[in-house]
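Student: I'd like a close look at the metal site, please. Take me through it in one go, and carry on into whatever links up with it.

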Amino acid sequence: MKHWRMDDVPWDQFDPAKVDPELVLLVKAAAMVERNGVDYGTYLNRVFIDDPDFRAAADRWSVEEVQHGDTLGRWAMLADPAWNFEHAFARYKAGYHLPLLEANASVRGSRTGELIARCMVESGTSSYYSAMADATEEPVLKAICRLIAADEFRHFKLFYDHMKRYLKRERIGVWHRIRIATGRIGESEDDELAYAFHCGNQAQDAPYEHRQAIAGYMSRAMTMYRYHHLARATGMILKAIGLPPRGRLYEVAARLSWWFMNRQRRKFNRVVAAAA
Ligand SMILES: [Fe+2]
Ligand SMILES: [Fe+2]
């Protein structure tokens, strides 16, 4: 059972005067990555082939991710009636394939590792939609982001609970877990988001330039974040690794993350400015 349906969104409250065009660029890209969740569901089904409980949970999870995509896509078409989600998504699918679609075992080396990587993604998405809900003045997007963020927090809990179960069996060490976590965070600068930003926002004949596209996406996404959004995500990341999510380590990690995000944001801003 999904926790909400597209019809629960108060679409009639849409206020075009309150649309921030910078956020529209992000929503279009996010819509495509979310909609692509169905491919990840297929992969998880193969990785956890003999675990029917988890496979059923992964199927429900991917249905929710696809709904995130469809809802964001519908909002983006309200905000920009010239934009067509189906066309943009077809273009994305034609040019981007999840690199792990053919894998039969986790590309993270273990099921625990796979679930830690999923926890990283859900820490990222829950903070992202929380930040977007706070950043937008447009009431429908605000409502959508709150619904999606609540799902993403639940998704984190889902993967975290299964990860704890596998960790007892696979016993991978804390340094290994840190490597998997930081590796997955670093992958956010790969093609998945960058190419979605390109397909959502660039003209059909514009060449794909990874550096430009990821900078365009990240500079805007990082501008939405406030300290508390990132701090909460940092606590979740520590928890997924198996480190204390509160206390001295957390405080230092949250401040370091904030410093690092601001440095990255300035770097991406320079790339965007140089291209303009
Ligand atoms: Fe999502
Ligand atoms: Fe999610």
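**The metal site and its helices**

Tutor: His68 and Glu152 are both buried, where buried means under 20% relative accessible area, exposed over 50% and partly exposed in between (1.4 Å probe, protein chains only). Before going on, a word on ground rules: this is a predicted model, so local features need pLDDT of at least 70 and side-chain atom pairs count only at pLDDT 80 or more, while totals for chains, interfaces and linings use all residues. Residues are numbered from 1 along each chain as its sequence is written, chains are lettered from A and ligands numbered from 1 in the order in which they are written, and side-chain values use heavy atoms, with hydrogens and water left out.

Now the metal. The iron ion (ligand 1) takes its protein donors from Glu34 (OE, listed twice), Glu65 (OE), His68 (ND1) and Glu152 (OE), at 1.9 to 2.6 Å. Donors here are N, O and S atoms within 2.8 Å of the metal (3.2 Å for Na, K and Ca), and since water is not among the atoms, sites may look incomplete. Along the chain, the donor residues of this iron ion follow the spacing E-x30-E-x2-H-x83-E. Glu65 coordinates both this iron ion and the iron ion (ligand 2), and the two ions sit 3.7 Å apart. His68 belongs to helix H3 (residues 52-79) and Glu152 to helix H6, so this pair ties together parts 84 residues apart in sequence. (Helices are DSSP runs of H or I, at least four residues, and strands runs of E, at least two, numbered from the N terminus.)

Follow helix H6 (residues 139-170) along and you meet Lys157 and Asp161, four residues apart, or about one helical turn. Their side chains form a salt bridge, 2.7 Å from N to O; the term means a side-chain nitrogen of Lys or Arg within 4 Å of a carboxyl oxygen of Asp or Glu. Lys157 is partly exposed at 47%, and Asp161 is partly exposed too, at 36%.

By that rule the model has 14 salt bridges. One of them pairs Arg220 with Glu22 at 2.8 Å, N to O. Arg220 sits in helix H9 (residues 210-224) and Glu22 in helix H1 (residues 21-35), so that contact ties together parts 198 residues apart in sequence. Glu22 itself is partly exposed, at 39%.

Another joins Arg184 to Glu192, with the closest N and O atoms 3.8 Å apart. Arg184 is buried at 12%, whereas Glu192 is partly exposed at 21%. Through shared partners, Arg108, Arg184, Glu187 and Glu192 are joined into one network.
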